[in-house]
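Student: I would like a close look at a single part of this model. Please take one strand and follow it outward to its neighbours.

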Amino acid sequence: MKVFVYPGSFDPVTNGHIDIIQRAAVICDKLIVAVLVNQSKNALFSLEERVELLRKSLQGCANIEVCSFSGLLVNFARDKGASVIIKGLRAVSDYEYELQMALLNKKLDEKIETLFMMANLHYSYLSSSIVKDIALLGGDIDGLVPNAIKSDIIEKINGIAQK
Ligand code: PNS
């Protein structure tokens, strides 16, 4: 069975992520969307919220599982029986960091391949940070995140703005 892992912070998941997830799920038997637990950057959403937003967005997708992980990604992938790490590439600016991670992950476990998928042109400008910025500044996030979680994001932002 071909198992792929799609790792990220997903703070929150965007339509760009969903596009990669759906395309990756077609070329593997099982796709594990892996949400990173420990992070240096401050997340707006808690780990549980980020996992829940992904699950809500991916309802009805049979071969997709949402998990959280801490520690090294290659260890998580190996434990789950995954042989491929899938990554989305947007602009050239993503390349340098992704190259470094792919090469280091290869050094850590040569049996695990990193596979890059080009982000859909429609979402190549999109990031979780930009979605948060727009929502914080009162802009419309329609079309940028799954419809199922739009109100969760706005509620969270409003809750923070009131503090
Ligand atoms: O969505 P992000 O924040 O760009 O995702 C980054 C992520 C989760 C893919 C990366 O931080 C990661 O793989 N972290 C796990 C720790 C690890 O394995 N580090 C070594 C990679 S060379």
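Tutor: What follows is a walk from one strand to its partners, then to a few other sites. Keep in mind that this is a predicted model.

Start with strand β1, residues 3–8. The strand is mostly covered, with 6 of its 6 residues buried. Now split β1 by direction. V3, V5 and P7 point one way. F4, Y6 and G8 point the other way. Residues in both sets are buried. In a regular strand, side chains alternate between the two faces of the sheet.

Next, the partners. Strand β2 covers residues 30–36 and is joined to β1 by 6 bridges. The two strands run parallel. One pairing to locate is G8, whose bridge partner in β2 is V35. Strand β4, residues 84–89, also pairs with β1, through 2 bridges. β1 and β4 run parallel too. Here V5 has I85 of β4 as its bridge partner. V5 is among the buried residues of β1.

How does the chain get from β1 to β2? Helix α1, residues 15–26, joins these two strands in a β-α-β unit. That unit is right-handed.

Look at α1 itself. The helix has 12 residues, and at 1.5 Å a residue they should span 16 Å. The end C-alpha atoms are 17 Å apart, which agrees. α1 is mostly covered: 9 of its 12 residues are buried. The buried residues include N15, G16, H17 and I18 at the start of the list. D19, I20, I21, A24 and A25 are buried as well.

Now a contact across the sequence. R50 lies in helix α2, residues 47–57. R50 and P12 are 38 residues apart in sequence. In space, their C-alpha atoms are 6.1 Å apart. R50 has a relative accessible area of 3%, so R50 counts as buried. The cut-off for buried is under 20%.

Finish at the surface. V92, Y95, L99 and L103 make a nonpolar surface patch of about 430 Å². L103 is found in helix α4, residues 92–108. Is L103 buried or exposed? The relative accessibility of L103 is 56%, so L103 counts as exposed. The cut-off for exposed is over 50%.

To recap the strand: β1 has 6 of 6 residues buried, pairs with β2 through 6 bridges, and pairs with β4 through 2.

Technical notes: Residues numbered from 1 in each chain as written. Predicted model: local features only at pLDDT ≥ 70, side-chain atom pairs only at ≥ 80, totals over all residues. Heavy atoms only, no water. Buried < 20%, exposed > 50% of the residue type's maximum accessible area, 1.4 Å probe, protein only. Helix = DSSP H or I, 4+ residues; strand = E, 2+ residues; numbered from the N terminus. Pairing = 2+ DSSP bridges. Right-handed = clockwise from strand over helix to strand, strands pointing away. Patch = residues over 30% accessible without salt bridge, like charges linked within 9 Å, V, L, I, M, F, W, Y side chains within 5 Å. Areas by Shrake-Rupley, 256 points an atom, 1.4 Å probe, with all protein chains shown as cover. Salt bridge = Lys/Arg side-chain N within 4 Å of Asp/Glu carboxyl O. Expected span 1.5 Å × (residues − 1).
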